[in-house]
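Colleague: I should like a close look at a single part of this structure, namely one of its salt bridges and what surrounds it. Please set the explanation out at the level of a first-year student.

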Amino acid sequence: MVKLTSSHWRKACAAILFSVVLVANAFGEVKVRVDRPAVDLNESFMLEIIVDTNIDMEPDLSALDENFYRGQISQLSNTSIINGQIRRSRTWSVALMAKATGTQEIPALKVGNEKSSPLSIVVNEPQAAPPGEADVFVASELDQTEAYVQAQILYSIKVYRAVATRQPALRDPIITGAESLVELVGDERSYEAILNGKAYNVVERIIAIYPQESGEITISPARFEARVLRDGRITGRKVFESEAHSIVVNPIPPPPADFPDADWLPARDVQLSEEWSREPRKLQAGEPITRRVTISALGQIETQLPALEPPDVDGMNVYADKPELSRAIEAEGIRGIRKDQYAMIGVRGGVAEIPELQVPWWDIEAGEWQVATLPARPLEVEALPEVADPALTAAQAAPPAATEEQPQSMFDDGVWKLATQLLGAVWLLTVFAWWWSARERRLEPREPAPQPVYKQQAKFVKTARKAAADGDMAAVRTAVIEWGRLQWPDEPPRSIGELAQRLAEPLAGQLRQLSAASYGNAAAEIDGRELSKALRSIDVLKEDQVDASEELLPPLLPPGA
C-alpha cells in the first residue's frame, strides 16, 4: 500500500485544478450578430455566431427552425497576436429567412457548454415588387424626403437578379440641386429574396447624403448595366434603371434659448463619455493624469462634430492634445466619433471641480433640440509635503563663526577633485563599452528578412506574363497556381479551373480556356498575347461573387417550401 504524503496531495490537487482550468478555457463566450437589424419578409440575412476560442464543436442551430428558414453555413477560424498574447476565435455564418413579419427573436444558441444571448430582428412587409415577370430590375428608396441642412439622408440602391449576368456595372445616380456631401455607408451587401415565388440575388448599396445648404435635391435614376444569360444564350448589353427621387432641405432652425451660441449638430443620437489613464480618486499635486472625452453622433460624419474645449479647472493646469477622428457603420448610417484628450496636473492641494460638459444637438427624428451631458466630477488633489529650505537649515545647524581663521577642510579641494576625475573615467569606460557591444552586434550576421507576399506574387505574375507571351503554357499554369497559393494559403486552388472561379473577367475567361486546353488539343487556340494582357490586372472576386459565378442562382428554399 502506498502512503500519500502532504506533498503528494498538493501535487494531485494542483493537477486537478490545472485540468479544470483547461476544460474551462476550452469554451469561450458565444456572441451573435446580424448584418442588419431590419429586413423584408422573404429576404435573407446573415447571422454570425462567434466564439472567442478555436474549438471543434459545432453550434446547435435547431432552435432557429421555429421562426426561420436556414440556408448555407460557412465557418472561419482566426488567430491574432496582440501584445505577445495569442487569441483565437471561430465564426460561423448562416443565411436565414424569416417565416413571418413582426419582431422575431433569434433564441440563445448553444456551442458546447456556453450559450449566446437572445437577439431580435424586425421583419417588415415586402416593399419592392418586380415589374411584371422581370428577371432583372433595380429599386431605390430614401429614408426621408424632407431633411435639414447637414443632416444625414440614407439612399439605398438594390439590384435584383433572377438570372445570371455578365459584365455587370452599377452606376451611382447623379445628385443635383443643393450642394451636398456624399459618403458610402459600408460595403455592398449581398443576400437573397423571394418575390412572387421567384428567387432573386440582391446586391444593395447604401449612400449617405449630407446637404450643405437649404433648397431641393434631385436624384437621377440609378443605372445597372449587364449582359443577361438566358437559355444558354447571352444578350447584348442592357440597361436597367430605378426611379428618380427629390428631397426638400430645410434651413437650420434657431439655437435653443439656453445655448444661444450652440453649434449646429443634427443627428439621430449623441453620446458623451470619458476615460482616464488611471482611477482619478486621489491625485498628487504635480502628478499628471490623462482624461479622454469622446463624443459620438449617429447620422453625422466625424469631421462635422464640434470641438470640445478643454475644461477650465481651478487648481489644475490642463493641456490639450490632438483629437482623434474616426467613424463606425451602424444600421442607421454613419456614426462619427471624436476623441479629445487632455493632460491635467494639479498645482495645489484641495478639491478641483471639473465642470459639467453640455453639448446641444438637433434630434432629426423628434424635430427638437436635445442636450447631451457629461456630469461634473470632483478631483481630490493631495498637496506635496512641505520641505524646509536646505540653505536655511544648514545655516541654523552651523556652529558660531570662530574668531580665528579655521584650517581649510580637505574636502574643499583634494577629495572633490579626485572624485570628479573618477566619475569622468567611469563615464568614458561606459561609453566605450556601449560602443564595443554595439559594434559586435553590427558584425553579427543577420538572416535576411522574408520577402513580402505581394513581392512574391508580383514575381509569379511577371513569370506568367513572359511565359504567355512566349507560348509556354505549362510555365503559365505553374506560375499562376503558385500565385493562387500565396493569395489563399488556407484554401489554395488545386487547378487552373478552380482558380478561374475566384477571379474576375477577363482573366477568368482566359484561364478557363487554358484549363480546357489541358485536356485536349486546343493549345493552339490560346492567344498568348491576350493572356499576357489579361495578367496585367488580377481582380479577386468576393465570396458572394464567387457563389454568384456558379451560373444560375439556387433558391434559398426548396420548391414548395
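Modeller: In this predicted model, Glu274 and Arg377 form a salt bridge, and their closest N and O atoms are 3.1 Å apart. Glu274 belongs to strand E23 and Arg377 to strand E32 (residues 377-382), so this pair ties together parts of the chain that are 103 residues apart in sequence. Arg377 is partly exposed, its relative accessible area being 27%. The principle behind such a pair is simple: side chains of opposite charge can pair when their charged atoms come close.

Strand E23 takes part in a second link of this kind. Asp269 forms a salt bridge with Arg335, again with 3.1 Å between the closest N and O atoms. Asp269 lies in strand E23 (residues 269-276) and Arg335 in strand E28 (residues 333-346), so that distant parts of the chain, 66 residues apart, are linked. Arg335 is buried, because its relative accessible area of 11% falls under the limit of 20%.

The strands named so far also meet in a nonpolar core. The largest such core has 25 residues, and those that touch the most other members are Leu265, Val270, Leu272, Ile295, Leu308, Met316 and Met344. Two or more residues of this core come from each of several elements, including E23, E28 and E32. The largest share, 4 residues, is given by E25, which covers residues 288-298. A general tendency is in keeping with this picture: in soluble globular proteins, nonpolar side chains tend to be buried together.

Leu265 shows how one member of the core is surrounded. Leaving aside neighbours within four places in sequence, Leu265 is in contact with Val270, Ile295, Leu305, Val359 and Trp361, among others. Its partners also include Gln300 and Gln304, as well as Pro306 and Pro360. Apart from this core lies another, of 23 residues, among them Leu142, Ala147, Ile207 and Ala226.

Other salt bridges help to place the pair in context. A search of the whole structure finds 28 of them. One joins Arg205 to Glu188, with the closest N and O atoms 2.4 Å apart. Arg205 is in strand E17 (residues 198-211), while Glu188 is in the loop between strands E15 and E16, so the pair ties together parts that are 17 residues apart in sequence. Of these two partners, Arg205 is buried, at 15% relative accessible area, and Glu188 is partly exposed, at 36%. Salt bridges may also be connected to one another: Arg171, Arg223, Glu225, Arg237 and Glu241 are linked in a network.

Finally, the chain as a whole gives the setting. The chain contains 9 helices and 32 strands. Buried residues account for 35% of its 561 residues. Among contacts between residues at least 6 apart in sequence, 68% join residues at least 24 apart. The salt bridge between Glu274 and Arg377 likewise joins parts that are distant in sequence, with their positions 103 residues apart.

How values were computed
Residues are numbered from 1 along each chain as its sequence is written. This is a predicted model: local features need pLDDT of at least 70, side-chain atom pairs count only at pLDDT 80 or more; totals for chains, interfaces and linings use all residues. Side-chain values use heavy atoms; hydrogens and water are left out. A salt bridge is a side-chain nitrogen of Lys or Arg within 4 Å of a carboxyl oxygen of Asp or Glu. Buried means under 20% relative accessible area, exposed over 50%, partly exposed in between (1.4 Å probe, protein chains only). A nonpolar core is a set of buried Ala, Val, Leu, Ile, Met, Phe, Trp, Tyr and Cys residues joined through side-chain atoms within 4.5 Å. Contact means heavy atoms within 4.5 Å.
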